[in-house]
Amino acid sequence: MDPISKSMITIFVNDQPVQASVGASESLLDFLRQKALATEVKCGCGRGDCGTCAVLFDGRVVKSCLVLAAQANGKRVYTIRGLAGDSLMANLQDSFVQQGAIQCGFCTPGMLMAAYNLLRIKPTPTRSEIRQGISGNLCRCTGYQKIVDAIEAVAKKIVLVPDAPDSMDLPIPAPTDQEKAKAGYLLLGGG
Amino acid sequence: MNEIGYYRPKTLVEALKVLHDYASRAKVIAGGTNVLPDIQAGKVKDCVLVDVTGLDELSGIRMEGDMVYLGSLTLISDLAASRTIREQANVLWQACQVFGDPLVRNRATVGGNLVYASPAADTAVPLLIMETILVAESLGKGRREIPIGQFFRGPGKTVLAPEELITSLFFHSTRSYQGAYIKFGLRQAMATSVANCGVLLSGTAPFRTVRVGFGALAPMPLRAARTEMFLCGKIPEESVFAEAADIARSELQPISDLRGSKEYRLILADALFKQALRKALA
């Protein structure tokens, strides 16, 4: 039962297996930017304050600087690039462009993820609920107004399906054994 | 030297064995929303991170009779979205709405929030006034139940032995109570409370049961016992609230720090306490 201080792990980033050696205390954010070269994930603060590093992990939008890379071993992580084919994310991206919700653009990937998180749980939020939904994400250019406008514009287009299952879980299957085998998936201390 | 190791047990038994073997060198990590910033800041070093997020059995909300059981790994966002919590533990539900921010709530766990033992922890005051029982497990001591009133020992300190893991917690439904939790932070999200206050009331003319808790106003989340005794049997009115707030202030031991001075915190405590009473009664 030896703990692992450095180990090979595999994370399925936007459905592509990425294998790399990581230190025990390395964050998922560092893995994504440095090992998976997913530089669309930004590092604003590295300690959970700014939300620029938000990704979809385990079916939830989280701040990747607050997750250990090792905790994502064998799991799927989606960045905004991996969600480009998702209609909700595509609509949000269009809306941000149309509403002028982007100035320098550094906060945009995280902001889109926070908006995605909100609209999946609450498809028709009030403006106040939109503000709460992006409250963990900092923007130093826009003053937030146009970001709220952009999210609101998408929410207004969402048609509620009656009796839709009341669930936050996206239908994201765990990586299959074949996928793991193909990736040369390695177990980290204890599995 | 700064060596950090990592271990991810697959079962509870395996986790307890690892915690037993590494004892004070082990550092449990769940959602990581406190641990990762502490690693960044160099406060966590020379340890083995024991990652308990693979222990699915420690997650979930369950009701049995009048009791609500929570797995220690239950996410704050799941508590915030739970109808059971909203109806049976409304004060906790209120606290979960203002906990961290939506993305942090997707990762932070209720057990982690308690074990980190911040005097300002958002779930601590609600769970304290609901008289929650924490269940700790370890190979050495077996399973023991710890009333939350005896759990905290100071900032970052609890009665847990290094090898013990909080596996679940439970409390009576407070469905028949009126309650309120109010937090004051320097901004509305991702803010540590400068002060917070929770109240639970039953029977309002006069009060039959009154429970009052404060956060960030003492070295640990605090139950204001003398304030509770004073309010019991009283009729709710502003003059009574004012007298109760004076007693409450005398029970607190706030400090001055970067978020606020001791004097400011006492003024806040007075205001938050009265607001919480009014909100609970509304």
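Me: What percentage of the 282 residues of chain B count as buried?
Reply: Keep in mind that this is a predicted model. A residue counts as buried here if 20 or more other C-beta atoms lie within 10 Å of its own. Going through chain B with that cut-off, the share of its 282 residues that count as buried is 52%.

Me: What radius of gyration does chain B have, and why does that agree with a compact globule?
Reply: The C-alpha atoms of chain B fill a box of roughly 55 × 45 × 35 Å along the principal axes. A compact globule with 282 residues would come out near 19 Å, so chain B agrees with that, its own radius of gyration being 19 Å.

Me: How many helices and strands does chain B come to, and what share of its contacts with a separation of 6 or more is between residues 24 or more positions apart?
Reply: For secondary structure, chain B has 11 helices and 14 strands. Now take its contacts with a separation of 6 or more: the part that comes from residues 24 or more positions apart is 63%.

Me: Over in chain A, which strands stand at the edges of the open sheet?
Reply: Five strands make up this sheet, with mixed pairing, in the order β2-β1-β5-β3-β4. Neighbouring strands in it are turned by 40° against each other on average, ignoring direction. Two strands have a single partner each, so one side of each is left without a neighbour in the sheet: β2 (16–23) and β4 of chain A.

Me: Which residue in β2(A) does Val13(A) stand opposite?
Reply: Strand β1 (residues 6–13) of chain A is joined to β2(A) by eight bridges, and the two run antiparallel. Opposite Val13(A), in β2(A), stands Gln16(A).

Me: Which helix lies across β1, β2, β3 and β5 of chain A, and at what angle does it run to β2(A)?
Reply: Don't mix it up with α3(A), which packs on the sheet by touching β3 and β4 of chain A, its direction making about 45° with that of β3(A). The helix you're after runs at about 115° to β2(A), and it is α1 (residues 28–35) of chain A.

Me: Which element gives the largest share of the side of chain A that touches chain B?
Reply: The contact takes 33 residues from chain A and 31 residues from chain B. On the chain A side, β4 (60–63) and α3 (108–121) each supply at least two residues. By class, that side has 15 nonpolar, 14 polar and four charged residues. Its largest share, four residues, comes from β4(A).

Note on methods. Residues numbered from 1 in each chain as written. Chains lettered and ligands numbered in written order. Predicted model: local features only at pLDDT ≥ 70, side-chain atom pairs only at ≥ 80, totals over all residues. Contact = placed C-beta atoms within 7 Å. Nonpolar A, V, L, I, M, F, W, Y, C, P; charged D, E, K, R; others polar. Pairing = 2+ DSSP bridges. Axes fitted to C-alpha atoms, helices over the stretch in contact; angles between N-to-C directions. Rg over C-alpha atoms; globule rule 2.2 N^0.38 Å. Buried ≥ 20, exposed ≤ 12 C-beta atoms within 10 Å, placed from the backbone.
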